[in-house]
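Reader: I'd like a close look at one part of this model, the enclosed space inside it and whatever sits around that space. Could you walk me through it and then place it in the wider fold?

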Amino acid sequence: VVIELNREKPLLDIRWIASKEIVHFAGTILLFRLVVSEQSTVANNFFQNLGLLNDQISMIYIISMLAMVVAGLSCAAVMTPARVPAIHAVALTFLIVGSYMDSQSTNLTRPSEMYVSQACIAAATALFLPPAMSVGLTSALKRGPNYILSFIIVFLATQSLGGLLGQAAFGTFITIREKFHSNILAESIVLSDPLVAQRVAQLSSGYSRMITDKALLNAEGIALLSQQTTREANILAYNDAFLLIAGISLAALIVLLTHVSLRAFLRARGAPLAVQTS
């Protein structure tokens, strides 16, 4: 930064990168990259937590890829500078719908039940990035070809940092929520409860031919019940993460609509003043 600020013709224009317009652009795509990590990080880890292997979830990636292609072609067909806010609003709506659908998952959820939600999130990715890139690239080209490198650096940095932040932030959030749900579920598991005792007996019955000691058999049943409790706590934690992503997307959509409405209001208010002045 020190070197670039003191060059007559800097390779990277730090002042332009730190300008209000570029900071807003970088913050927008960083937040979006953070949110769309739902698909690559949260959803993928959710299936692994259920014990599913790659060949069992391959179809969901194929459907997501097709959704991205269709959404990308649709975006290319309708994209104009004036339609960028509308396209971003549609992308955020897809994210809200897809993440909320995923937040209703259970231990019986399989990839086939998440085809629609994951397709929505993949489509949102393909809809959001091209308009955002066009806005940033247009801003760079207005200043000259030398600013293209600065724009590329900003874009690649936000994509890399957003992916890492998404993986770290949601991973931490899921761990915290898993501990929270584990504590709540563990409080309700009391052997004096007839339903709990019945469940322990059912789980241990499969080992009754190999384990004749009733105390060891009961301990095995408790261990199996503990494993199921941990799995349920993980599922609830992932549902919380999906719901958090939907909430962030909803907040971003509200901010976007408010910003667009405010700009339209100021434009409409400025038009009559211009007519009166003329």
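Author: Let's start with a small residue-level detail and work inwards. This is a predicted model, and in it Glu 4 counts as buried because its relative accessibility is 13%, under the 20% cut-off. Glu 4 is also one half of a salt bridge, with Arg 7 as its partner and 3.1 Å between the closest N and O atoms. Arg 7 has a relative accessible area of 40%, so that side of the pair is partly exposed.

There are 4 salt bridges in the structure. Another of them joins the side chains of Glu 178 and Lys 179, at 3.8 Å from N to O. Glu 178 is buried because its relative accessibility comes to 10%. Then there is the salt bridge between Glu 232 and Arg 231, where the closest N and O atoms are 3.8 Å apart. Here Glu 232 is at 27% relative accessibility and so counts as partly exposed. Arg 231, at 33%, is partly exposed too.

Now for the fold around your enclosed space. The protein chain has 9 helices and 0 strands, so if you read the elements from the N terminus on you just get α-α-α-α-α-α-α-α-α. The C-alpha trace spans about 95 × 45 × 35 Å along its principal axes. The radius of gyration is 25 Å, while a compact globule of 278 residues would come in near 19 Å. Buried residues are 36% of the 278 in the chain. As for contacts with a separation of 6 or more, 80% of them are between residues 24 or more positions apart.

On to the part you asked about. The structure holds 1 cavity of 30 Å³ or more, and the volume of the largest cavity is about 60 Å³. Its lining is made up of Gln 39, Ala 43, Asn 44, Phe 47, Ile 60, Tyr 61, Ser 64 and Gln 118. Two elements, H3 and helix H4 (54–78), give two or more residues each to that lining. H3 has the largest share, with 4 residues. Sorted by class, the cavity lining has 4 nonpolar and 4 polar residues, and no charged ones.

Gln 118 is a good residue to zoom in on, since it's part of that lining. Gln 118 lies in helix H6, and it counts as buried because its relative accessible area is 3%. Setting aside neighbours within four places in sequence, Gln 118 is in contact with Glu 38, Gln 39, Ala 43, Ile 60, Ser 64 and Asp 102. Among those partners, Gln 39, Ala 43, Ile 60 and Ser 64 also line the cavity.

Val 116 makes a nice counterpoint. Val 116 lies in helix H6 as well, but at 52% relative accessibility it counts as exposed, because the cut-off for that is over 50%. Between Val 116 and Ile 60 the C-alpha to C-alpha distance is 9.3 Å, although they are 56 residues apart in sequence. Ile 60, remember, is one of the cavity-lining residues.

If you're after open space rather than enclosed space, have a look at the largest pocket, which holds about 1000 Å³. It is lined by 31 residues, and the closest to its centre are His 24, Val 84, His 88, Val 135 and His 259. The elements giving two or more residues to the pocket lining are helix H3 (20–49), helix H5 (84–102), helix H6 (115–143) and helix H9 (214–277). H3 takes the largest share again, this time with 9 residues. By class, the pocket lining has 17 nonpolar, 10 polar and 4 charged residues.

So where does that leave the picture? H3 gives the largest share of the lining in the cavity and in the largest pocket. Helix H6 is on the list of elements lining the pocket, and helix H6 is also where you find Gln 118, the buried residue that lines the cavity.

Conventions:
Residues numbered from 1 in each chain as written. Predicted model: local features only at pLDDT ≥ 70, side-chain atom pairs only at ≥ 80, totals over all residues. Heavy atoms only, no water. 1 Å grid on protein atoms, 1.4 Å probe; cavity = no way out; pocket = protein on both sides within 12 Å on 5 of 7 lines; lining within 4 Å. Points joined across faces, edges and corners; volume = space filled by probe spheres on them. Nonpolar A, V, L, I, M, F, W, Y, C, P; charged D, E, K, R; others polar. Buried < 20%, exposed > 50% of the residue type's maximum accessible area, 1.4 Å probe, protein only. Rg over C-alpha atoms; globule rule 2.2 N^0.38 Å. Contact = heavy atoms within 4.5 Å.
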